[in-house]
Every structure is written in structure tokens, then in C-alpha cells.
Amino acid sequence: MKNFIIFVFIIVTFNACSVTSHYKVNSNLEFEPIPENEKKTYVYFGKEQFVKVIENRPETDAEDDFSDEFTEDEEVFDPLEGYNRIMTSFNDFLYTTLLDPIAKGYSNVVPEPARVGISNFFDNITFPIRFVNNILQFKFDYAAEETGRFFINSTVGVLGFMDPAVEKFGLKPRNEDFGQTLGYYGMGEGFHVVMPLLGPSNLRDRIGSFIDGKAYLFGYETIYSNKIIDSYGESVGVGLYKTLNSTSLNLGQYQNLKKDAIDLYPFLREIYTQNREKQIKE
């Protein structure tokens with residue numbers, strides 16, 4: 001009898017879970033269908049965020065707003081979805097079990113001002129990427145600002161470990177990469193691809209990253225007349241350390257980002273896509 005009760009409980013619980021994927025709970029604690037124009041919000045952002053969105057919208061125009069923003073019925077072109085889901089889970093596992101704990105330990109050992117200085121240094125030496133792509137997008141004033149930032153931070157800022165360009169002269173970083181440049185000239189994003197360790201990307205941005213790498217090495221060798229990295233192993237090591245340092249300065253952000261997502265992969269894909277579209281338009 002006891003086993004039978006447990007079995008019934010499991011079946012009821014399973015059915016309840018399947019119901020809540022298509023229904024929401026109203027104020028009277030009753031299930032009611034999620035309207036078609038709200039399903040995408042519920043699936044991508046989870047129950048808590050769904051409730052926040054609904055509660056914060058005026059009743060008169062809530063449905064219209066959702067219609068404008070979330071009623072796209074066309075399917076996302078995602079031929080690598082199976083691989084992308086596996087890689088998203090893999091990256092999530094690596095982050096939560098390895099990178100995040102190590103970054104927390106690193107942050108306890110290395111003071112924050114030192115970590116910020118290291119981040120500034122890495123940003124400074126990638127000046128050629130930003131300069132070239134601002135030129136290619138005819139943003140000559142931004143290219144001039146980037147040039148001023150580089151020379152000020154490389155001298156007064158002690159090789160870029162400090163950022164007097166923004167603190168004393170108000171010269172803000174003008175981040176542009178070749179993926180944005182390709183988008184500026186009308187190239188579509190292509191299919192989505194999740195990279196090991198690096199996370200969400202797309203075909204256009206992978207091409208852009210390759211070109212940026214060439215521009216970076218060419219620019220560095222032209223300015224300093226030597227190679228910054230002598231081997232592939234050193235390149236990987238520098239990249240991993242840069243990731244570790246950056247993670248230590250943003251502890252908790254990834255957890256806060258994903259906590260309301262029911263399905264992590266499309267959630268991160270959507271965020272990446274929207275963020276890149278915004279960057280290209282700016």
C-alpha cells in the first residue's frame with residue numbers, strides 16, 4: 001500500500017510539472033492557460049521574471065506590448081542546436097564547478113585594485129582591434145579617442161595598468177570588433193554556435209574574431225617590433241588567465257543572469273543575439 005501511494009504521488013507530481021509548462025497559476029491558486037503571445041516570455045525567462053513582467057505592465061497595453069515583442073512565430077535558424085545545447089551544459093558545468101570557485105579564491109588572494117589594473121592592461125594592448133574597426137566603420141572621432149587613450153594609458157598609465165585617459169581626460173573606450181564591422185556592412189549573423197569555454201557566438205562573429213586576432217598581432221608587432229606570444233601554449237595560458245581575472249571582477253553575475261531561465265540554451269542565445277544587434281546599431 002505504501003509503495004502504491006508513493007507511485008501515485010510521483011505520477012501526480014509529474015503531471016503537475018507538465019501542466020505548469022503550459023499553464024500559469026492565477027491569484028486564486030488555479031491553473032489557467034498561458035496566452036500564446038506570452039508563452040515565449042514564460043519559457044525563456046521563467047516564472048518569477050514572467051510574473052514581474054506581467055505585474056509591471058499596464059492592463060490596457062500589456063497584450064499589445066507582448067504582441068510587438070514576443071509573438072514572432074518564425075523559427076530561429078539553428079542547425080547546430082543539438083551540439084550547442086551540449087556545449088552550453090558543458091560550459092555551465094565548467095563555470096560552476098571549476099572557474100567560479102577558482103575565481104573566488106583568486107579574488108581573495110589578489111586585491112581588487114591589482115585585478116582591475118590587470119584588466120586595464122589587457123584592454124590597452126587590444127587597442128589595434130578597436131582602432132582598425134572604428135576606422136572601417138568611418139567612426140574617425142572614436143578612432144582618434146582610442147589613439148589618445150592608448151598613448152596616455154601606455155605612458156602616464158604605466159603600460160595601461162591605470163586608466164588616466166578616462167579618469168583625467170574623459171576619453172571613453174570605443175569598443176568595436178570585426179564582427180560588428182561585418183554587421184555594419186550588412187552581413188547577417190549566420191547560425192548560432194556555442195564555443196568551448198568562450199560561450200555563445202555566431203558564424204559572423206567567429207569570422208570576425210579570426211580577423212581581429214590577425215589585426216591585433218600585426219598592430220602589436222608594428223608598435224613594439226616583437227611578438228607578444230611565441231607559442232600556442234602561451235596563447236592559451238594568457239587567454240585562460242584573462243578569463244580568470246575577468247571572472248573574479250564579475251562574481252555572481254552569471255548566476256543572477258541564469259537563475260530565472262527555464263531553458264538555459266535559448267535564453268543565453270537570445271541574450272547574445274540581442275546584445276550584438278544593439279552593439280552593431282550603436
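This is a short talk on how one chain is put together, with helix H4 as the main thread.

Hi everyone, thanks for coming. Before anything else, please keep in mind that the model is predicted.

Let me start with the overall picture. The chain has 282 residues, and 33% of them count as buried. It is built with 13 helices and 4 strands. If you take the contacts with a separation of 6 or more, 64% of them come from residues 24 or more positions apart.

Now to helix H4, which covers residues 81-109. With 29 residues, H4 reaches 39 Å from its first C-alpha to its last, close to the 42 Å expected at 1.5 Å a residue. Where is the kink in H4 centred? The answer is Tyr95, and the kink is about 45°. Tyr95 is also buried, and so are several other residues of H4, including Asn84, Thr88, Ala103 and Tyr106.

What touches this helix? Let's take Thr247 as a starting point. Thr247 sits in helix H11, residues 232-248. Is Thr247 buried or exposed? Its relative accessibility is 9%, so Thr247 counts as buried. Leaving out residues up to four places away in sequence, Thr247 touches Tyr95, Leu99 and Ala103. So here we meet Tyr95 again, the centre of the kink in H4. The side chain of Thr247 also has a partner in the backbone: the oxygen of Thr243, at 2.7 Å.

Next, have a look at Tyr265, in helix H13, residues 264-281. Tyr265 counts as buried because its relative accessibility is 3%, and the cut-off for buried is under 20%. Beyond its neighbours within four places in sequence, Tyr265 is in contact with Asp78, Glu81, Asn84, Arg85, Thr88, His192 and Val194. With Asn84 there is a polar contact between the two side chains, at 3.1 Å. As for Val194, it lies 71 residues from Tyr265 in sequence, while their C-alpha atoms are 9.3 Å apart in space.

Arg85 gives us the view from the other side. Arg85 belongs to H4, and at 30% relative accessibility it counts as partly exposed. Apart from residues up to four places away in sequence, Arg85 touches Asp263, Tyr265 and Pro266. In sequence, Arg85 and Pro266 are 181 residues apart, yet from C-alpha to C-alpha the distance is 8.7 Å.

On to helix H7, residues 140-155. How does the span of H7 agree with what its 16 residues should give? At 1.5 Å a residue we should see 22 Å, and the end C-alpha atoms are 23 Å apart, which agrees. Among the buried residues of H7 are Glu145, Glu146, Arg149 and Phe150. For Phe150 the relative accessibility is 5%, which is why it counts as buried.

That brings me to the rings. The count comes to 10 aromatic pairs. Take Phe150 and Phe151: their ring centres are 5.5 Å apart and their planes are at 75°, so this pair is edge-to-face. There is also one aromatic cluster formed by Tyr106, Phe121, Phe122, Phe161 and Tyr241. And one more ring for the charge enthusiasts: Arg174 lies over the face of Tyr142, at 4.1 Å from the ring centre.

If you open the model afterwards, you could begin at Tyr95, where the kink in H4 is centred, and then go to Tyr265 with its side-chain polar contact to Asn84. Thanks, and I'm happy to take questions!

Key: Residues are numbered from 1 along each chain as its sequence is written. This is a predicted model: local features need pLDDT of at least 70, side-chain atom pairs count only at pLDDT 80 or more; totals for chains, interfaces and linings use all residues. Side-chain values use heavy atoms; hydrogens and water are left out. Helices (H or I, at least four residues) and strands (E, at least two) are DSSP runs, numbered from the N terminus. Buried means under 20% relative accessible area, exposed over 50%, partly exposed in between (1.4 Å probe, protein chains only). A polar contact is a pair of N or O atoms within 3.5 Å; within protein, one must be able to donate a hydrogen and the other to accept it, and residues adjacent in sequence count only if both atoms are side-chain atoms. Contact means heavy atoms within 4.5 Å. The expected span of a helix is 1.5 Å times one less than its number of residues. The bend at a residue is the angle between axes fitted to the seven residues ending there and the seven starting there. Rings of Phe, Tyr and Trp (its six-membered ring) pair if their centres lie within 6.5 Å; planes under 30 degrees apart count as stacked, over 60 as edge-to-face and the rest as tilted. A charge sits over a ring if NZ of Lys or CZ of Arg is within 6 Å of the ring centre and within 35 degrees of the ring normal.
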